[in-house]
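Please walk through this model from its interior outward, with the coordinates open beside the text.

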Amino acid sequence: MGLSRQKYDVVIVGGGGSGLRAALQLSEAGHHVAVFSKVFPTRSHTVAAQGGISASLGNMQEDHWLWHMYDTIKGSDYLGDQDAIEFMCRKASEVVYELEHYGMPFDRNADGTIYQRPFGGHSQNFGERPVQRACAAADRTGHAMLHTLYQRNVSAHCHFFVEWMVLDLIRDYEGVVVGVVALEMETGDTVVFQAKATVLATGGAGRIFQSSTNAFINTGDGLGMAARAGIPLEDMEFWQFHPTGVAGAGILITEGVRGEGGILLNANGERFMERYAPHMKDLASRDVVSRAMDQEIKEGRGVGPEKDHVLLKLDHLGVEVIQKRLPGIREIAIKFAHVDPVREPIPVVPTCHYQMGGIPTNYYGQVVAPKGDNPAEVVPGLYAIGECACVSVHGANRLGTNSLLDLLVFGKSAGDHVAGWLATNPQHRDLPGDAADQSVARLSRIDKAQSGESVAAVSASMRKVVQHHAGVFRTGPLLEEGVVKISEVVDRVHCTAIQDKSRVFNTARIEALELENMAIVAQATLVSALARQESRGAHARDDFRERDDKNWLKHSLWYLEENRLEYKPVNLQPLTVESFEPKVRVY
């Protein structure tokens, strides 16, 4: 093999919220843990989460985890697995209080309890009226959470490998995951890390779209690793478009703005959401609001010279509320939209924000890859958590603030389960002789390519195809064309060449490796979207406008090998309560 080796009890790939929560659970239990991150952990994309963490604490008015569960299932357009959703909603208060005890600086009410704001799709008593459920730290909740978890991990002596990129999983001859191959970004050194358990916490892949709220590091690395290791990707047709990205910039404007009372207006000054969601209005579920905005723009009621956006008005909230609850949003609006929301509205447009699909797991974080007649076949030694995983608690559309909750609940759950795995598997398994061959071959191709297209040119083509063919509204012909075009892009990926080999810190190599991962995710997205002949949640087809529970109440599973699809049923059986049967979804 020829590469240097290191050994750890657990390797965690990703230093965001889920990775740090799992690392904390294991480090404080005395295990030898390595966390890999392409950036300093507190710069992971969790830092960009603004609005809050959902939990039925009931600090503002009566609330219950069962209502939260109902809202999550309804938000998922009934594609979420109800056992996992019950698990998450039951655990929500516990993980929020734990975070509070770790020192998380939540906003407070006058009585000292955690402040909670309203958020889209959250309701009392199974949809009767909006409820304040999002536990907030101003509009910087993810930032506060990430710093809190990182500091706690440092005190627990967790080992961080900062500015490292993990290339591939290592599976032995029995299919057990026994470690990873990783690249130090500054030096270019490639090292094999042997582990008793491996946790993927690499976040989303929103950079496959031209317009995205995602950081440049969100390139689907964990999904690429899993796919190359023969593991399917689940529900990749479902991508959430956040209603309020800054027009022309894509920077996120939190749903918390509308939770605090902000409203959306069209060119006529009309609060148009009253027509689309008369009950929840601007706080309807994200896919509903995004499609309503897109419809307003398509019908000529958009704002600006190109009539290509709408307005988010919050000046009526007053300077004091904006400064106290939304200081970061005011800063973003001034810097990126060149407006001060204290006096004028923010131009906004739906922007790709979150992937509901990912690596299939159960609610312990174990990766499950269907095998034969067993739909719950566990991949030994491998876990996935956070946005790169598909539990599935988000189904066809994620409910706002459930993302940070997902990180905490399943980060902790995976940490606990890994500890149990280590107790019964205390020894490292032998590495196979070809452990690093796949990674070395990938690096060799990139380094030896003397001619070919630039990585930047192929990346731009990929983003253009995905944005145009898999946007807010989709059609069969559009998707068919997209599948052909993305296949052509995939072929081009393998013929790229680094144009300037003198660039420092191996940046060009990293971009080439990231492109390989993004191309896998892009192809999975378009192939899965073409196959699903219905409209459900974030997947809206103009040629199949209705949800089809008879034929499509099932999860898609895309395999890189042969570019093929399989399906498995949605789990409609909760753990302890009665099932919520699918019904018409209105707000």
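How much space lies in the second largest pocket? In this predicted model, the second largest pocket holds about 760 Å³ of space. It is lined by 23 residues, and those closest to its centre are Val 288, Arg 291, Ser 535, Arg 545 and Arg 585. Helix H8, which spans residues 286-298, gives the most to this lining, with five residues. Sorted by class, the lining of the second largest pocket consists of ten charged, nine nonpolar and four polar residues.

Two of the residues closest to the centre of that pocket, Arg 291 and Arg 585, also belong to a network of salt bridges, in which they are linked with Asp 77, Glu 237, Asp 287, Arg 532, Glu 534, Arg 536, Arg 547 and Asp 549. Arg 291 and Asp 287 appear once more in the lining of the largest cavity, together with Trp 239, Gln 240, Phe 241, Ser 290, Asn 397, Val 472 and Ala 538. Rolling a probe the size of a water molecule over the atoms shows where empty space is left. The structure holds three cavities of 30 Å³ or more, and the largest cavity has a volume of about 60 Å³. Strand S11 (239-246) and H8 each supply at least two residues of its lining, and the lining as a whole divides into four nonpolar, three polar and two charged residues.

The nonpolar interior can be taken next. In soluble globular proteins, nonpolar side chains tend to be buried together. The largest nonpolar core here has 83 residues, of which Phe 36, Phe 193, Leu 200, Leu 233, Ile 359, Met 462 and Val 466 touch the most other members. Helix H15 (residues 507-531) contributes the largest share of this core, 14 residues. Leu 200 shows how such a member is surrounded: leaving aside residues up to four places away in sequence, it touches Val 13, Leu 169, Gly 222, Met 225, Ile 359, Leu 382, Tyr 383, Ala 384, Ile 385 and Cys 388. A second core, separate from the largest one, has 59 residues and includes Ala 22, Ile 53, Val 199 and Tyr 363.

Helix H2 gives a view of burial at the level of a single element. Because ten of the eleven residues of H2 (residues 65-75) are buried, this helix is largely enclosed by the rest of the structure. The buried residues of H2 are Trp 65, Trp 67, His 68, Met 69, Tyr 70, Asp 71, Thr 72, Ile 73, Lys 74 and Gly 75, and they pack against strand S3 (53-54), helix H3 (82-102), strand S4 (116-124), S5 and helix H11 (402-424). After H2 comes Asp 77, whose phi is positive, near 55 degrees; Asp 77 is also one of the residues in the salt-bridge network described above.

Beyond that network, which other salt bridges link distant parts of the chain? The count comes to 50 salt bridges, and three individual pairs can be followed here. The side chains of Glu 234 and Lys 568 meet at 3.2 Å, N to O, and they join strand S10 (residues 233-234) to strand S20 (residues 564-569) across 334 residues. Glu 234 counts as buried because its relative accessibility is 0%, and Lys 568, at 13%, counts as buried too. Asp 447 forms a salt bridge with Arg 509, with the closest N and O atoms 3.0 Å apart; this pair links helix H12 (residues 437-448) to helix H15, 62 residues apart. Here Asp 447 is partly exposed at 33% relative accessibility, whereas Arg 509, at 12%, is buried. In the third pair, Glu 331 and Arg 140 meet at 3.6 Å, N to O. Glu 331 lies in helix H10 (residues 327-337) and Arg 140 in the loop between strand S5 (129-135) and helix H4 (141-155), 191 residues apart. Glu 331 counts as partly exposed at 37% relative accessibility, and Arg 140 as partly exposed at 36%.The backbone completes the picture. Most residues other than glycine have a negative phi, and most peptide bonds are trans. Asp 235, in the loop between S10 and S11, has a positive phi of about 55 degrees although it is not a glycine, and Asp 235 is buried, with a relative accessible area of 0%. Thr 401, in the loop between S18 and H11, has a positive phi near 75 degrees, and Thr 401 is buried at 3% relative accessible area. A cis peptide bond, with omega about 5 degrees, joins Val 391 and Ser 392, and Ser 392 lies in the loop between strand S18 (389-390) and H11.

Key. Residues are numbered from 1 along each chain as its sequence is written. This is a predicted model: local features need pLDDT of at least 70, side-chain atom pairs count only at pLDDT 80 or more; totals for chains, interfaces and linings use all residues. Side-chain values use heavy atoms; hydrogens and water are left out. A nonpolar core is a set of buried Ala, Val, Leu, Ile, Met, Phe, Trp, Tyr and Cys residues joined through side-chain atoms within 4.5 Å. Buried means under 20% relative accessible area, exposed over 50%, partly exposed in between (1.4 Å probe, protein chains only). Helices (H or I, at least four residues) and strands (E, at least two) are DSSP runs, numbered from the N terminus. Contact means heavy atoms within 4.5 Å. On a 1 Å grid over the protein atoms alone, a cavity is a set of points where a 1.4 Å probe fits but cannot get out, and a pocket is an open set with protein on both sides within 12 Å along at least five of seven lines; lining residues have an atom within 4 Å of a point. Grid points are joined across faces, edges and corners, and a volume is the space filled by probe spheres set on the points. Ala, Val, Leu, Ile, Met, Phe, Trp, Tyr, Cys and Pro count as nonpolar, Asp, Glu, Lys and Arg as charged, and the others, Gly among them, as polar. A salt bridge is a side-chain nitrogen of Lys or Arg within 4 Å of a carboxyl oxygen of Asp or Glu.
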